[in-house]
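The following paragraphs lead through one protein structure, with attention to its aromatic rings, its nonpolar core and its strands. Please keep the sequence and the three-dimensional view at hand while reading.

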Amino acid sequence: MDFPSTNDFLAEFGIEPEETDPSLAFYRYAQSSTDGMVNLEISFSMIMKSFEAVLTGLSGRRLAIISSEGVKCINLWRDDTGAGLHVTFDIRGTTSEVRVTLEPDLSFCWWTLLNE
């Protein structure tokens with residue numbers, strides 16, 4: 001599994017992990033929206049090949065959660081539309097992907113394509 005280092009996150013987004021567990025190669029990052037109304041936590045484990053994104057509202061209420069095992073790779077991206085992460089999953093021959101946008105503001109999009 002390919003995944004970005006803590007130095008990659010620091011260089012690209014200026015954020016450091018909120019939580020780490022070296023025994024699981026686990027990292028959790030948090031980022032607030034530009035208006036401060038929502039917070040996005042992303043976490044992943046190289047050992048467990050897992051990824052999770054949790055979008056939380058101002059009141060602390062969870063608005064959306066995506067979670068999956070089967071991570072193949074996590075790549076950082078930056079283009080003229082913004083910057084964030086692109087995660088690819090392989091779940092029993094089916095490809096799923098999530099694009100998490102951290103800049104200019106927070107969002108994520110998840111899709112699955114059947115390989116038939």
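Nine aromatic pairs are present in this structure, which is a predicted model. A pair of aromatic rings is described by the distance of the centres and the angle of the planes. One of the pairs joins Phe3 and Tyr27, whose rings are tilted, with 6.0 Å from centre to centre and 35° between the planes. This pair links distant parts of the chain: Phe3 belongs to the segment before α1, whereas Tyr27 lies in strand β2 (residues 26–32), 24 residues apart. Phe3 has a relative accessibility of 24% and therefore counts as partly exposed.

Another tilted pair is made by Phe89 and Trp110, with 4.9 Å between the centres and 35° between the planes. Here too distant parts of the chain are linked, since Phe89 is in strand β7 and Trp110 in strand β9 (residues 107–113), 21 residues apart. Is each of these two residues buried or partly exposed? Phe89 is buried, because its relative accessible area is 0%, under the limit of 20%. Trp110, by contrast, has a relative accessible area of 29% and so is partly exposed.

Beyond single pairs, one aromatic cluster is formed by Phe3, Phe9, Phe13, Tyr27, Tyr29 and Phe44. Aromatic rings may also be considered together with charges. The charged end of Arg99 sits over the ring of Trp77, at 3.5 Å from the ring centre.

Phe9, a member of the aromatic cluster, also has a place in the nonpolar interior. The largest nonpolar core has 20 residues, and those touching the most other members are Phe9, Ile42, Phe51 and Val100. Two or more residues of this core come from each of α1 (6–13), β3, β4, β6 (71–79), β7 (82–91) and β8 (94–103). Strand β7 gives the most, with four residues. Which residues does Phe9 contact, leaving aside neighbours within four places in sequence? They are Pro4, Gly14, Ile15, Tyr29, Ile42, Phe44, Leu76 and Leu85.

The strands may now be considered as a sheet. Strands of a sheet pair through backbone hydrogen bonds, either parallel or antiparallel. In this model, five strands form an open sheet in the order β1-β2-β3-β4-β5, with antiparallel pairing. Strands β1 (19–21) and β5 (62–69) stand at the edges; each has a single partner strand, so one side of each is left without a neighbour in the sheet. On average, neighbouring strands of this sheet are turned by 10° against each other, direction ignored.

Within the sheet, β3 (residues 38–45) and β4 (residues 50–57) pair in the antiparallel sense over eight bridges. Leu40 has Leu55 in β4 as its bridge partner. Strand β4 also holds Ser50, which is buried because its relative accessible area is 15%, under the cut-off of 20%. Apart from residues up to four places away in sequence, Ser50 touches Ser43, Phe44, Ser45, Ser68, Glu69 and Val71.

The last residue to consider is Leu114, which lies in the segment after β9. Its relative accessible area is 60%, so Leu114 is exposed. From Ile42, one of the core residues that touch the most other members, Leu114 is 72 residues away in sequence and 25 Å away in space, C-alpha to C-alpha.

Methods:
Residues are numbered from 1 along each chain as its sequence is written. This is a predicted model: local features need pLDDT of at least 70, side-chain atom pairs count only at pLDDT 80 or more; totals for chains, interfaces and linings use all residues. Side-chain values use heavy atoms; hydrogens and water are left out. Two strands pair if DSSP finds at least two bridges between them. Axes are lines fitted to C-alpha atoms, for helices over the stretch in contact, and angles run from 0 to 180 degrees between N-to-C directions. A nonpolar core is a set of buried Ala, Val, Leu, Ile, Met, Phe, Trp, Tyr and Cys residues joined through side-chain atoms within 4.5 Å. Buried means under 20% relative accessible area, exposed over 50%, partly exposed in between (1.4 Å probe, protein chains only). Contact means heavy atoms within 4.5 Å. Rings of Phe, Tyr and Trp (its six-membered ring) pair if their centres lie within 6.5 Å; planes under 30 degrees apart count as stacked, over 60 as edge-to-face and the rest as tilted. A charge sits over a ring if NZ of Lys or CZ of Arg is within 6 Å of the ring centre and within 35 degrees of the ring normal.
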